[in-house]
Amino acid sequence: MLKEKSFISVVIYLHNNEHVISDFLKNLDDKLNQHFDVYDFTLVNDFSTDASLEQIRATASQLLGNVTIVNMAWMHGEELAILAGKDSAIGDFVYEIESPENDWDVELIWELYTKAMEGFDIVAATPRRGGRLISKLFYRLFRRISHLHMDLSTESITLISRRALNSVLMSKEKFRYRKLLYKLTGF
């Protein structure tokens, strides 16, 4: 089987995920290795207070993809932490994964990539269960009070092209909410 030549980066947000991170990384590494020649992981540890960092370090040597760990000095939250991880991602395409406690099949990695190859710069998948209640309430409130009239929703995993990511990272917008930045850049 011929593997794709695109360089793939995977940015994963972590906060107190010691019980799931090792298996998740191994499964993800196996799936990426099946489809891609070159890939790397950027693991953003958002000030975990459990043994997540130790689990990452123990697992990293077993992975075929290169691993970069970004340790946040204090808890920044998902949005800022993922943006910090994407600042160090160098791939032609960058996956952003909001949690290793996923409810999606790892095959979705390939499905998102094939959809991007149809000409889409940003491809996302929503959770099977519709997301957490707090997310649903947030987006309902956002739609009600925002003048922007944008239909945003919870996403478990997103794939973004380098050109779209560069546009987002160079944006002069003061707020740093990824999904809204994606919409505002026109991708």
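Trainee: Why is Met75 called partly exposed?

Mentor: In this predicted model, the relative accessible area of Met75 is 45%, and since buried means under 20% and exposed over 50%, with partly exposed in between, the residue is partly exposed. Met75 sits in the loop between strand 3 (66-71) and helix 3 (78-88), and together with Phe47 and Trp74 it forms a nonpolar surface patch with about 360 Å² of accessible area.

Trainee: What makes Met75 eligible for that patch?

Mentor: A patch takes residues with over 30% relative accessible area, and Met75 has 45%, so Met75 meets that cut-off.

Trainee: How do you know that Ala125 is buried?

Mentor: Its relative accessibility is 12%, and the limit for buried is under 20%, therefore Ala125 counts as buried. Ala125 belongs to strand 5, along which the side chains alternate, with Val123 and Ala125 pointing to one face and buried, whereas Ile122 and Ala124 point to the other and are not.

Trainee: What makes strand 3 and strand 5 (122-125) edge strands?

Mentor: The open sheet has 6 strands in the order 3-2-1-4-6-5, with mixed pairing. Strand 3 and strand 5 each have a single partner strand, so one side of each is left without a neighbour in the sheet. For strand 5, 4 antiparallel bridges join it to strand 6, and pairing asks for at least two bridges, so the two strands count as paired.

Trainee: Why is the contact between Lys5 and Asp37 called a salt bridge?

Mentor: The closest N and O atoms of the two residues are 2.5 Å apart, and the rule asks for a side-chain nitrogen of Lys or Arg within 4 Å of a carboxyl oxygen of Asp or Glu, so the pair qualifies. Lys5 in strand 1 and Asp37 in strand 2 (residues 36-45) are 32 residues apart, so that this pair links distant parts of the chain. Lys5 counts as exposed at 65%, whereas Asp37, at 40%, is partly exposed.

Trainee: How do you know that Lys86 and Glu96, which also meet in a salt bridge, are buried or exposed?

Mentor: Both have a relative accessible area of 0%, and buried means under 20%, so Lys86 is buried and Glu96 is buried. Their N to O distance is 2.6 Å, which lies within the 4 Å cut-off. Lys86 lies in helix 3 and Glu96 in strand 4, so the pair ties together parts that are 10 residues apart in sequence.

Technical notes. Residues numbered from 1 in each chain as written. Predicted model: local features only at pLDDT ≥ 70, side-chain atom pairs only at ≥ 80, totals over all residues. Heavy atoms only, no water. Patch = residues over 30% accessible without salt bridge, like charges linked within 9 Å, V, L, I, M, F, W, Y side chains within 5 Å. Areas by Shrake-Rupley, 256 points an atom, 1.4 Å probe, with all protein chains shown as cover. Helix = DSSP H or I, 4+ residues; strand = E, 2+ residues; numbered from the N terminus. Buried < 20%, exposed > 50% of the residue type's maximum accessible area, 1.4 Å probe, protein only.
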